[in-house]
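Please walk through this model with me, from its salt bridges to its metal site and on to its pockets and cavity.

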Amino acid sequence: MKNITGRIVNRFFGRFQHRIGIANTRRLAKAYNRIRYRREIREVVDGYENRYDELFKGNEAEYAGTPRNRLKDGWAIDRSGAFPGLESSLAEADRLIEERGGQNRCGTALAQQDYLYHLSGIDELDQFPRLLDFATSSEVVATVAEYMGMIPTIAMNLPTGIRVFESTEQFSERTTYNASQLWHRDIHDFPMVYAIVLVRDATEQTGPWTFLPASVSERATRDLKYQGWRQPYRVTDERMYEHIDSSERIPFTGKRGDVLFLDSSRCFHYGSRHAVDPGYRIMYAYTTRARSDFQMMLHRQEFPKQEGDSALRRMVLGQ
Ligand SMILES: [Fe+2]
């Protein structure tokens with residue numbers, strides 16, 4: 001019954017969202033989820049406000065007590081390479097690239113687009129468990145938690161919470177930009193934060209993730225009437241650069257181990273353009289417990305449990 005209602009609700013909003021207005025639909029979903037998941041929300045807010053040391057130091061005794069990175073204007077980049085769990089998560093991604101990278105995935109379930117492949121499935125995390133090391137480390141969770149004012153969860157529905165991506169032009173003809181190559185703001189929640197880890201050095205030739213700071217995005221949103229009634233979800237460069245200067249965009253290039261934290265619901269972004277050389281990154285998506293869509297009516301992702309998992313880790317994994 002729950003599933004049938006979920007399917008009807010999601011189909012309805014999927015079909016009529018741009019007519020109702022994306023912003024209106026999101027507010028409605030958020031209000032519903034705040035009631036539906038009020039107990040979980042109370043727990044993660046209380047965890048952040050009243051049990052901080054117990055949770056964060058309980059997860060990692062060496063944690064300094066405050067996060068090193070703070071999102072300013074919707075984003076932060078850390079190029080120190082000094083995250084607990086970073087090396088083991090990168091090693092796991094290396095293994096995936098070795099096994100699955102550099103192959104034509106067009107037409108398979110792993111191809112999000114002909115130029116963008118997932119090298120990992122969310123249901124195979126038990127085969128690649130160390131991808132969770134970075135995502136559940138106190139330093140990383142603390143940056144997201146401070147921004148959200150609560151302990152976040154790795155997305156339990158869309159966008160897929162943990163993915164190793166390959167952007168490559170090797171197996172497809174270049175066409176006009178489409179789908180995730182066009183400007184958009186994510187709609188599944190607000191706030192929502194991506195932690196994006198470069199697995200290989202990224203240049204303008206590897207289809208880097210590219211974004212606009214939150215303040216620039218707000219200006220563009222207002223001028224474009226973005227997410228308003230009958231407004232399209234994707235925005236072309238032509239339309240975007242009528243309102244902002246193209247020099248305001250920031251491509252996330254850099255070296256292996258660099259990390260971008262970004263609120264993808266506030267910051268316009270695109271990726272995988274001009275991936276002449278293959279680009280590899282891990283994308284970790286964090287949401288609140290009261291999302292701004294109705295996807296939880298359909299599916300709640302289960303993450304692998306391990307003996308001795310800390311209370312913080314269990315919370316971040318929605319357990
Ligand atoms: Fe997106």
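## A buried pair, and what follows from it

D189 and K30 are both buried. This is a predicted model. The two side chains form a salt bridge, with 2.5 Å from N to O. Where do the partners sit? D189 belongs to the loop between β5 (162-167) and β6 (193-198), while K30 is part of helix α2 (residues 22-36), so the bridge ties together parts that are 159 residues apart in sequence.

The model contains 21 salt bridges. Another of them joins the side chains of R266 and E218, at 3.7 Å from N to O. This pair also links distant parts of the chain. R266 lies in the loop between β9 (259-263) and β10 (269-270), and E218 lies in helix α8 (residues 214-224). They are 48 residues apart. Are these two residues buried or partly exposed? R266 has 29% relative accessibility, so it counts as partly exposed. E218 has 47%, and therefore counts as partly exposed too.

Next take D258 and K255. Their side chains meet in a salt bridge of 2.9 Å, N to O. Here the burial is split between the partners. D258 counts as buried because its relative accessibility is 1%. K255 is at 41%, so it counts as partly exposed.

Salt bridges can also join up. E40, R289 and R300 are linked in a network of them.

## The iron site

Now turn to the metal. Which protein residues act as donors to the iron ion? They are H184 through NE2, D186 through OD and H269 through NE2, lying 2.2 Å from the ion. Along the chain, the donors follow the spacing H-x1-D-x82-H. H184 has a relative accessibility of 6%, so it counts as buried. D186 is buried as well, because its relative accessible area is 7%.

## The largest pocket

Two of these donors come up again in the largest pocket. Its volume is about 490 Å³. It is lined by 24 residues, and the closest to its centre are Q112, R163, S180, H184 and D186. So which iron donors are in that group? H184 and D186 are both iron donors, and both are among the residues closest to the pocket centre.

Several strands contribute to the wall. The elements that give two or more residues to the lining are β2 (111-113), β5, β10 and β11. By class, the lining has 11 nonpolar, nine polar and four charged residues.

## The second largest pocket

The second largest pocket holds about 160 Å³. It has 13 lining residues. N10, F13, Q17, D293 and Q295 lie nearest its centre. Which helix gives the most to this lining? It is α1, with four residues. Both α1 (2-20) and α2 supply at least two residues each. Helix α2 is also the one that carries K30, the partner of D189. The lining divides into four nonpolar, seven polar and two charged residues.

## The cavity

How many cavities of 30 Å³ or more are there? The count is one. The space inside is about 70 Å³. L198, R200, D201, A202, T206, G207, P208, W209, F252, G279, Y280 and R281 line this cavity. Strand β11 (residues 279-287) gives the largest share, three residues. β11 is also one of the elements that give two or more residues to the lining of the largest pocket. By class, the cavity lining has six nonpolar, three polar and three charged residues.

## A covered helix

The last stop is helix α7 (residues 138-148). This helix is mostly covered, with nine of its 11 residues buried. The buried ones are S138, E139, V140, V141, A142, T143, V144, A145 and M148. What comes straight after α7? G149 follows the helix, and its phi is positive, near 75°.

Note on methods
Residues are numbered from 1 along each chain as its sequence is written. This is a predicted model: local features need pLDDT of at least 70, side-chain atom pairs count only at pLDDT 80 or more; totals for chains, interfaces and linings use all residues. Side-chain values use heavy atoms; hydrogens and water are left out. A salt bridge is a side-chain nitrogen of Lys or Arg within 4 Å of a carboxyl oxygen of Asp or Glu. Buried means under 20% relative accessible area, exposed over 50%, partly exposed in between (1.4 Å probe, protein chains only). On a 1 Å grid over the protein atoms alone, a cavity is a set of points where a 1.4 Å probe fits but cannot get out, and a pocket is an open set with protein on both sides within 12 Å along at least five of seven lines; lining residues have an atom within 4 Å of a point. Grid points are joined across faces, edges and corners, and a volume is the space filled by probe spheres set on the points. Ala, Val, Leu, Ile, Met, Phe, Trp, Tyr, Cys and Pro count as nonpolar, Asp, Glu, Lys and Arg as charged, and the others, Gly among them, as polar. Donors are N, O and S atoms within 2.8 Å of the metal (3.2 Å for Na, K and Ca); water is not among the atoms, so sites may look incomplete.
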